[in-house]
Amino acid sequence: ACGARLAEPGEFTLRAFLNGRLDLAQAEAIADLIDAVTPLQARTAFDQLDGTLTRAIGDLDAALFDLIARLEASVDFPDEGYHFLERATLVEELDRLCGRVTMLLADGRRGRLVREGLQIAIVGKPNVGKSSLFNALAGAARAIVTELPGTTRDLVTEVVDMNGLRVTLVDTAGRHHTEDPVEAEGVARSMGAQEVSDLVLLVVNGSQPLDDSDRDVISQTDDRNRLIVSNKADLPMAWSGDRAVNVSATTGAGLDDLRRRIVAALAIDLRDRPEITNVRHIALVQRAYEGLDRARCAARAAGDAMSEEFVLADLQDARAALEEVTGRRAPEDVLEHIFSRFCVGK
C-alpha cells in the first residue's frame with residue numbers, strides 16, 4: 001500500500017553494476033558463488049568477485065587501447081605510413097597480446113569444467129552393485145537397491161563434490177537383452193548417458209568370474225574414457241583385472257582410492273584456480289583473439305599497401321569484445337539474461 005514491492009531477480013546486484021560498484025564479470029561471479037556446489041567452485045567464484053578476471057581483461061584492454069591510440073594518430077598522417085608506430089613494433093606487440101589471450105583461453109577449458117562440472121555414467125550388467133556404488137559415492141540412498149536384478153529402469157542423477165570437482169553421477173539401467181519395452185528403454189537411455197559422459201565407471205561383480213554380459217559391456221565402452229570397478233570386494237574375489245579398482249559399496253572399502261582414480265582419469269589440474277570459467281567470457285575472449293589475429297595478419301602483409309585503417313578496424317573489434325566481458329559495452333538483452341538467473345531477494 002505504501003509502494004513497496006518484491007525485489008526483481010538480481011536487482012540489488014544490478015544496481016551495484018549500474019552504479020559502478022561492480023563490473024559485469026564480478027556481478028556474474030556472485031551468481032556463480034550462490035550456485036557453487038564444491039569449495040573449489042566457491043573459491044574460483046570469489047576470486048572473480050575479487051576482480052582477478054577484471055584485472056586480466058583490464059591489462060589486455062589497456063595495452064590494446066595504447067596500440068589503438070597510436071594507430072589512430074598515424075591515420076591523421078596518411079602520407080607518412082606508420083608514423084607513430086613502426087610496423088615491426090606493431091607486429092611484436094600484437095604477437096605478445098595474442099600470446100596472453102591464448103593463455104587465458106587455454107585456462108578457459110579447465111575453468112568451464114570447474115564451473116559447470118562433469119558427468120560420470122555408472123554402467124554394467126544387472127545386479128553388479130551399480131546403484132549401491134552410486135549411493136556410496138553420493139553419500140545418500142538416492143537409488144533403490146534390492147536383490148532383484150533390473151531395479152533401476154531410468155536414469156538417476158546426483159551432483160556431488162568429487163575431491164573438489166563438481167560431478168554429476170548418473171546411475172543407469174543394467175545392460176542386458178530384454179523384450180520388455182520399459183527395460184529396453186532404460187538400456188537405451190543407459191547407452192545415451194554413456195555417450196555424453198566425461199567418464200564411464202564400468203562396474204563388475206568381482207566375487208564372480210566375468211561372463212558374456214560383462215564382456216559385452218566392456219566391448220561397448222572400449223572407445224570411452226573408462227574405469228573398470230570391481231565391486232563386492234568384501235566377498236571372496238573371483239576376478240580382479242590389472243587396472244580394475246577394487247571396492248566394496250557395502251563397506252566403503254576402496255572408495256577413497258576410486259575417487260582419486262576418477263579425478264586422475266578426468267585429467268583436471270586443480271592446483272591453480274582458473275581465471276576464466278564462464279562460457280560467455282570465453283566466447284568473447286575468443287572473439288577478441290580473432291580480431292587480434294586478423295590485425296596481426298594485416299600488419300604482416302607484404303609491402304605497404306595495407307594501411308593502418310585495416311589494422312585499426314580489427315583492433316577495435318577486439319577491444320569491443322573485451323569491453324563486453326566487463327559490461328562496458330554489454331547490450332541490454334545480455335544484461336537482462338544475466339540478471340534473470342539470480343534468485344529473488346537475498
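**Overall fold and the setting of D214**

The secondary structure of the protein comprises 12 helices and 6 strands. The model is a predicted one. The protein has 346 residues, and 47% of them count as buried. Its accessible surface comes to about 17,300 Å². Carbon and sulfur atoms account for 51% of that surface. Contacts were also examined by separation in sequence. Among those between residues at least 6 apart, 69% join residues at least 24 apart.

The strands form an open sheet. This sheet holds 6 strands in the order 2-3-1-4-5-6, and the pairing is mixed. Strand 2 (156–162) and strand 6 (245–246) are the edge strands, each pairing on one side only. Strands of a sheet pair through backbone hydrogen bonds, either parallel or antiparallel. Strand 2 and strand 3 (residues 165–171) run antiparallel and are joined by 7 bridges. One residue pair illustrates this: V156 has D171, in strand 3, as its bridge partner.

Helix 6 (residues 130–138) lies across five named strands of the protein: strand 1 (118–123), strand 2, strand 3, strand 4 (199–205) and strand 5 (226–231). Helix 6 runs at about 155° to strand 3.

Attention then turned to a single residue, D214. This residue is found in helix 8, which covers residues 212–220. D214 has a relative accessible area of 4%. Buried means under 20%, so D214 counts as buried. Leaving aside residues up to four places away in sequence, D214 touches K125, V204 and P209. Of these contacts, V204 falls within strand 4 (199–205).

Key:
Residues are numbered from 1 along each chain as its sequence is written. This is a predicted model: local features need pLDDT of at least 70, side-chain atom pairs count only at pLDDT 80 or more; totals for chains, interfaces and linings use all residues. Side-chain values use heavy atoms; hydrogens and water are left out. Helices (H or I, at least four residues) and strands (E, at least two) are DSSP runs, numbered from the N terminus. Buried means under 20% relative accessible area, exposed over 50%, partly exposed in between (1.4 Å probe, protein chains only). Contact means heavy atoms within 4.5 Å. Accessible areas come from the Shrake-Rupley method with a 1.4 Å probe; for residues, only the protein chains shown count as cover. Two strands pair if DSSP finds at least two bridges between them. Axes are lines fitted to C-alpha atoms, for helices over the stretch in contact, and angles run from 0 to 180 degrees between N-to-C directions.
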